Amino acid sequence: HNNHLVSVLSSLPTINLMDFSELFKCVGSCVFSPCGRFVAHSVGYRLVIKDVQSLEIHQLYTCIGNISKIEWSSDSEYILCCVPSKASVELWSVNNHEWKCAITQKGEGVSFARFAPDGRHVLVTAEFQLRITIYSLFNQHTVAHIKYPKLSSRGLAFSPNGKYMALVERREGKDYVSIIVTDTWELVKHFSAETRHLCDLAWSPDGRMLVLWDDLLSYRVAVYYPDGTLLHTFAAYENALGIKSLAWDPSSRLLAIGSYDEKIRILNQLTWKTIAEFEHKTTISTGNPVVFREVEYSGASGVGNGGDTSAQVVANHSRSRYVIQELPVHLKSLRVDFKKPNPKKGVGVLKFSCDGKYIMSLNDNMPHVLWIWSTARLDLCTLIIQMQPIKSAKWDPQHCRLALCTGNSRIYMWSADGCSCVELPTVGCNVQSLKWNSDGQSLILKDAKSFCV
């Protein structure tokens, strides 16, 4: 072994056995229900609903065209299928095969559709953001129209308790935010945004604040109370590409902002001061991070303490494993072509763990590296270096652990106890994306044309 590489197999936590289903055909969306009991996926124009435990078909529906998006109602009773090619949204009942609702907007088209928090109203955005139409599933008629939405899939967010909707609007060349009560769909507040080119907004987890941020052309963040009172504005720099990702911590005390300059800035909600800056450097030589590097492994050998058989079992289970690398660590950074739109540079992914103890980030010009930062120590906690570019990384919604994939037949797990590689027994599944179930007990592993659980 290299002097800087130390075998970590014998120190890894016990890997619980994982069961994998067979592969199921899926060329579109694949989504767990909020209750965790079902998984829905599309195959062209067909909607298939399966039981998560048995993976037997619970319902099978046929839409009028290819399904571009699937969404569950909050109570898992209904499911929405967006069919933009037919200017249609079709809704189905999970337990009543006879029930169906179809929404057609032939004149204005359909660019996006979503459920309201109550699961009994549907918001449909017309093409070119002409307007948003709200439909009721109770009496299947139009409830309201909202003019001037600026964006299609973004720029709309519901408060955590579901009582309010915040919407980004564009009127007379200026950005505004409307606060709408979801019981009656009436406007309760309307205010102009202190931004230049507002691209999205998000409620704080406690529902007390709204954060608004500009598109990539400028760095500007504005925090408001829902009544329109401006709390704080923040701009780290000017005259350069700006914000790329943003996230609240679960307690609403911290706001993390990732940008094109490859830094994460942490703002304290009490003072709105920057309490930390996390920089994604190409050389890590200071601090005390644990660095896991994935390496290829071939054959069984007596690794660990005198040829420990438990370590051999782990080694034989996978064709790659993690080793701990000592500092300094040198990371590869891709050369970026700034002449192309949306350059692959900067912090493209930024998420807090469910308990708020860690932040996971991906720096787009270092696609092989996953960074984990401690919010208690405000420094780099763990570095995970993969052999292949990382395709997807997601926190478990119930436990402090992370799953990631790199487009091969393995998934990788991290927790505070260590890292592990798990080889999929299913032949031909190269995992491109993954999703956790709400209970944290199962995962959807999806490649281009199929998925398994």
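Over which residues does pLDDT stay under 50, and how many contacts beyond four places in sequence does the model have for them? The answer is residues 1-15, with 30 such contacts. Keep in mind that this is a predicted model. Taken over the whole chain, pLDDT averages 90, and 92% of the residues score at least 70.

**Confidence**
- Residues 1-15 are one stretch to read with care, as pLDDT stays under 50 there.
- Residues 300-318 also have a pLDDT below 50, and the model gives this stretch 23 contacts beyond near neighbours in sequence.

**Nonpolar cores**
- The largest nonpolar core has 22 residues. Inside it, the residues with the most contacts are I264, I266, L331, I359, W371 and L383.
- Six strands each supply at least two residues of this core: strand 24 (254-259), strand 25 (263-268), strand 26 (274-279), strand 31 (347-352), strand 33 (369-374) and strand 34 (379-385).
- Apart from that core lies another one, made of 18 residues, among them F292, A393, L402 and W414.

**A closer look at I264**
- Leaving out residues up to four places away in sequence, I264 touches A256, I257, G258, A276, E277, F278, H280, V347, L350, S361 and W373.
- One of those contacts, F278, is also the bridge partner of I264 in strand 26.
- So I264 turns up twice here: among the residues with the most contacts inside the largest nonpolar core, and in a bridge to strand 26.

**The sheet with strands 23 to 26**
- This is an open sheet of four strands in the order 23-24-25-26, and the pairing is antiparallel.
- Strand 23 (243-248) and strand 26 are the edge strands; each has a single partner strand, so one side of each is left without a neighbour in the sheet.
- Ignoring direction, neighbouring strands of this sheet are turned by 20 degrees against each other on average.
- Strand 25 pairs with strand 26 in the antiparallel sense, over five bridges.

**The sheet with strands 2, 41, 40 and 39**
- Another open sheet of four strands runs in the order 2-41-40-39, with antiparallel pairing.
- At its edges stand strand 2 (24-25) and strand 39 (433-436); because each has a single partner strand, one side of each is left without a neighbour in the sheet.
- Strand 2 and strand 41 (residues 450-452) run antiparallel and are joined by two bridges.
- For K25, the bridge partner in strand 41 is S450.

Terms used: Residues are numbered from 1 along each chain as its sequence is written. This is a predicted model: local features need pLDDT of at least 70, side-chain atom pairs count only at pLDDT 80 or more; totals for chains, interfaces and linings use all residues. Side-chain values use heavy atoms; hydrogens and water are left out. pLDDT is the predictor's confidence in each residue, from 0 to 100. Contact means heavy atoms within 4.5 Å. A nonpolar core is a set of buried Ala, Val, Leu, Ile, Met, Phe, Trp, Tyr and Cys residues joined through side-chain atoms within 4.5 Å. Buried means under 20% relative accessible area, exposed over 50%, partly exposed in between (1.4 Å probe, protein chains only). Two strands pair if DSSP finds at least two bridges between them. Axes are lines fitted to C-alpha atoms, for helices over the stretch in contact, and angles run from 0 to 180 degrees between N-to-C directions.
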